[in-house]
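Reader: I should like to go through one part of this model with you. Could we begin with the terms and then turn to the strands?

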Amino acid sequence: DCPCCQEPEVTGVEISKDVQDAIHREVESSPEAETGGVLLGYIEDRTAIVVRATGPGPNAKRTARRFERDVDYIQSEVDSAAREFGEGGLYIGEWHSHLEKHPEPSGRDVLSLSGIAEAPNYATRCPVMLIAGIDTNTAKVSEVHAWSFPVSRRMCEVELTVRLEEPAQKLVVNSSVASS
């Protein structure tokens with residue numbers, strides 16, 4: 001019954017090959033500075049299903065040790081996904097790169113995602129984070145790892161799965177029919 005030892009609400013992250021390729025393209029186009037975005041999708045059977053990973057936005061701030069997303073751009077992407085996918089396109093977490101081969105969350109990463117887990121306006125009690133490590137010698141992604149950040153509990157590394165086919169989209173359809 002220990003809240004620190006319980007498994008988190010999210011124990012895995014699943015991305016499509018298209019999402020993986022989009023992240024790799026963004027990271028490899030910026031080998032000298034961190035980059036990132038948000039993850040949009042839904043949670044099903046304790047797995048975060050990512051249907052889209054945004055880019056950083058045109059006004060993002062990026063250095064070799066820090067990334068700050070373009071908030072207005074990201075909000076428009078979140079709004080667009082909500083319109084397109086309904087409950088299947090909700091904010092579920094963040095992704096970014098580290099200029100190292102074997103990435104681990106920094107103290108800033110932990111504080112940021114722990115804060116998101118507790119913030120009521122994000123509507124997620126267990127956001128996930130993907131970090132792509134880049135080999136600065138080759139400017140190629142070396143590996144990508146996933147973590148979940150359950151509210152009021154310790155973060156934990158979770159399994160990251162890449163699907164070769166697109167996941168089924170979770171759409172919410174308004175079934176009411178207007179009468180004339």
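Author: A definition is useful at the outset: a crossover is called right-handed if, with the strands pointing away from the viewer, the path from the first strand over the helix to the second runs clockwise. Please keep in mind that this is a predicted model.

Reader: Which elements make a right-handed β-α-β unit here?

Author: The unit consists of β6, helix α3 (residues 107-118) and β7. Its two strands, β6 (residues 90-98) and β7, pair in the parallel sense over six bridges. One bridge partnership is that of S97 with A132 in β7.

Reader: Is β7 mostly covered or open?

Author: Strand β7, residues 128-135, is mostly covered, with eight of its eight residues buried.

Reader: What lies on each side of β7?

Author: On one side are V128, L130, A132 and I134, and on the other M129, I131, G133 and D135; all of these are buried, so both faces are covered, where buried means under 20% relative accessible area.

Reader: How many bridges join β7 to β8?

Author: Eight bridges join β7 to strand β8 (residues 140-148), and the two run antiparallel. Among the bridge partners, M129 is matched with W147 of β8, and L130 with A146 of β8.

Reader: What sits between β7 and β8 in the hairpin?

Author: Four residues separate the two strands of the hairpin, and A139 in the turn has a positive phi of about 60°.

Reader: And which strand does β8 pair with over three bridges?

Author: That is β9 (residues 156-163), in the antiparallel sense. W147 has E157 as its bridge partner in β9.

Reader: Changing topic: which residues touch the most other members of the largest nonpolar core?

Author: They are V13, I23, V27, L39, V50, W95 and L130, in a core of 21 residues. The elements giving two or more residues to this core are β1 (12-16), α1 (17-28), β3 (47-53), β6, β7, β8 and β9.

Reader: Which element gives the largest share?

Author: Strand β7 does, with four residues of this core. Apart from the largest core lies another, of 16 residues, including I49, A81, W147 and F149.

Reader: What is the general tendency for nonpolar side chains?

Author: In soluble globular proteins, they tend to be buried together.

How values were computed. Residues are numbered from 1 along each chain as its sequence is written. This is a predicted model: local features need pLDDT of at least 70, side-chain atom pairs count only at pLDDT 80 or more; totals for chains, interfaces and linings use all residues. Side-chain values use heavy atoms; hydrogens and water are left out. Buried means under 20% relative accessible area, exposed over 50%, partly exposed in between (1.4 Å probe, protein chains only). Two strands pair if DSSP finds at least two bridges between them. A nonpolar core is a set of buried Ala, Val, Leu, Ile, Met, Phe, Trp, Tyr and Cys residues joined through side-chain atoms within 4.5 Å.
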